[in-house]
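Let's take a walk through a protein model together. Have a look at the structure below, and then we'll visit a few spots one at a time.

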Amino acid sequence: GQVSIGFLGAAVQPFLSRFIPEFSAEHPQIKLSFSCDNLDVLTKRLNEDQIDLGFVTHVDSSFFSGLQSETLLKDRLVAVFSPDNPLASKDQLYLKELSGVPGITFSRQSNPITYEFHQQLFKKANTKYNIVQEVPNIETALFFVSINKGFFIIPSHLEFMIEDLSLVPLADEECNISLNLLWKKNNPNPSLPVFRKAFMSYMQNAKSRDSE
């Protein structure tokens, strides 16, 4: 059998990177293929049976019309600062405390979903998102943070990427993202439920380990 998987950017990659070797060892008869696309392309490819599964974050269920979805987890957002930034010593921050503070964000061209998601967060908090730098990827963002050009927002599961920088949790209720698994309801691929069941079990075990 074979399962083709699409995923939405770096925010999803760590989950797959840890799970795939385990799955492949237990199910060597199932071949896996991967592609990284934006949300519009992923949903189109799912509906046209070009891929079997999609992993996405930073979006709500309105994007999932015609598809089955499973929310795998909710992940808290954190702000990344240079240690020299006066806000770096805070235990937590509300978005209103970041009003006017220089911020770094993904560019609208390279990551429109995350760009719009962050815009809406600040809009809902009725506060000013002072973007001073747009970047194509996380690595570039963290460089600008390291030279104290501004703060950057990431999901907490990407904290492993941070070195010599400060992380401050965002306290607003809306400051979290969902990791969602998508598939077409009538997809006939017999390997699809095998993969889904194994991944859901993996995520449940991961949650149990984290809570211990």
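Start with aspartate 52, which you'll find in the loop between helix H2 (39–47) and strand S3. Keep in mind as you look that this is a predicted model. Is aspartate 52 buried or exposed? Its relative accessible area is 10%, and because buried means under 20%, aspartate 52 counts as buried.

So what does aspartate 52 touch, leaving out residues up to four places away in sequence? The list takes in Gln2, Val3, Ser4, Leu46, Leu182, Trp183, Lys184, Asn187, Asn189 and Leu192. Two asparagines from that list also turn up in side-chain polar contacts: aspartate 52 pairs with asparagine 187 at 3.0 Å and with asparagine 189 at 3.2 Å. Glutamate 70 makes a handy landmark here: 18 residues separate it from aspartate 52 in sequence, and their C-alpha atoms are 14 Å apart in space.

Here are the side-chain polar contacts on our tour:

| Side chain | Partner side chain | Distance |
|---|---|---|
| Aspartate 52 | Asparagine 187 | 3.0 Å |
| Aspartate 52 | Asparagine 189 | 3.2 Å |
| Threonine 114 | Asparagine 111 | 3.0 Å |

That last row brings us to threonine 114, which sits in helix H3 (residues 112–124). Threonine 114 is buried too, with a relative accessible area of 6%. Not counting residues up to four places away in sequence, it touches His58 and Phe106.

Now hop over to helix H5, which covers residues 191–211 and includes serine 191. With a relative accessible area of 7%, serine 191 is buried. Setting aside neighbours within four places in sequence, serine 191 is in contact with Gly1, Gln2, Val3 and Ile30.

Next, the greasy parts. In soluble globular proteins, nonpolar side chains tend to be buried together. In this model, the largest nonpolar core has 25 residues, and the ones touching the most other members are Phe55, Phe195 and Phe199. Strand S1 (2–7), helix H1 (13–26), strand S3 (53–57), strand S4 (68–81), strand S9 (176–183) and H5 each put in at least two residues. Which element gives the most to this core? That's H5, with seven residues.

Phenylalanine 195 has plenty of company: Val3, Ile5, Phe19, Ile20, Phe23, Leu32, Leu53 and Phe55 are its contacts, again without residues up to four places away in sequence. Apart from the largest core lies another core of 20 residues, and Leu95, Leu98, Cys175 and Ile177 are among them. Cysteine 175 is buried, with a relative accessible area of 0%, whereas cysteine 36 is partly exposed at 48%. As for disulfides, the count is zero.

Last stop: the rings. How many aromatic pairs does a search of the whole structure find? It finds 14. One of them joins phenylalanine 122 and tyrosine 129, a stacked pair at 4.0 Å centre to centre with 0° between the planes. Phenylalanine 122 and tyrosine 129 are both buried. There's also an aromatic cluster made of Phe19, Phe23, Phe55, Phe195, Phe199 and Tyr202. And look at tryptophan 183: the charged end of arginine 196 sits over its ring, 3.9 Å from the centre. You've met Trp183 before, as one of the residues that aspartate 52 touches.

Key. Residues numbered from 1 in each chain as written. Predicted model: local features only at pLDDT ≥ 70, side-chain atom pairs only at ≥ 80, totals over all residues. Heavy atoms only, no water. Helix = DSSP H or I, 4+ residues; strand = E, 2+ residues; numbered from the N terminus. Buried < 20%, exposed > 50% of the residue type's maximum accessible area, 1.4 Å probe, protein only. Contact = heavy atoms within 4.5 Å. Core = buried A, V, L, I, M, F, W, Y, C linked by side-chain atoms within 4.5 Å. Phe/Tyr/Trp six-rings, centres within 6.5 Å; stacked < 30°, edge-to-face > 60°. Lys NZ or Arg CZ within 6 Å of the ring centre and 35° of its normal. Polar contact = N/O pair within 3.5 Å; in protein donor to acceptor, adjacent residues only side chain to side chain. Disulfide = S-S within 2.5 Å.
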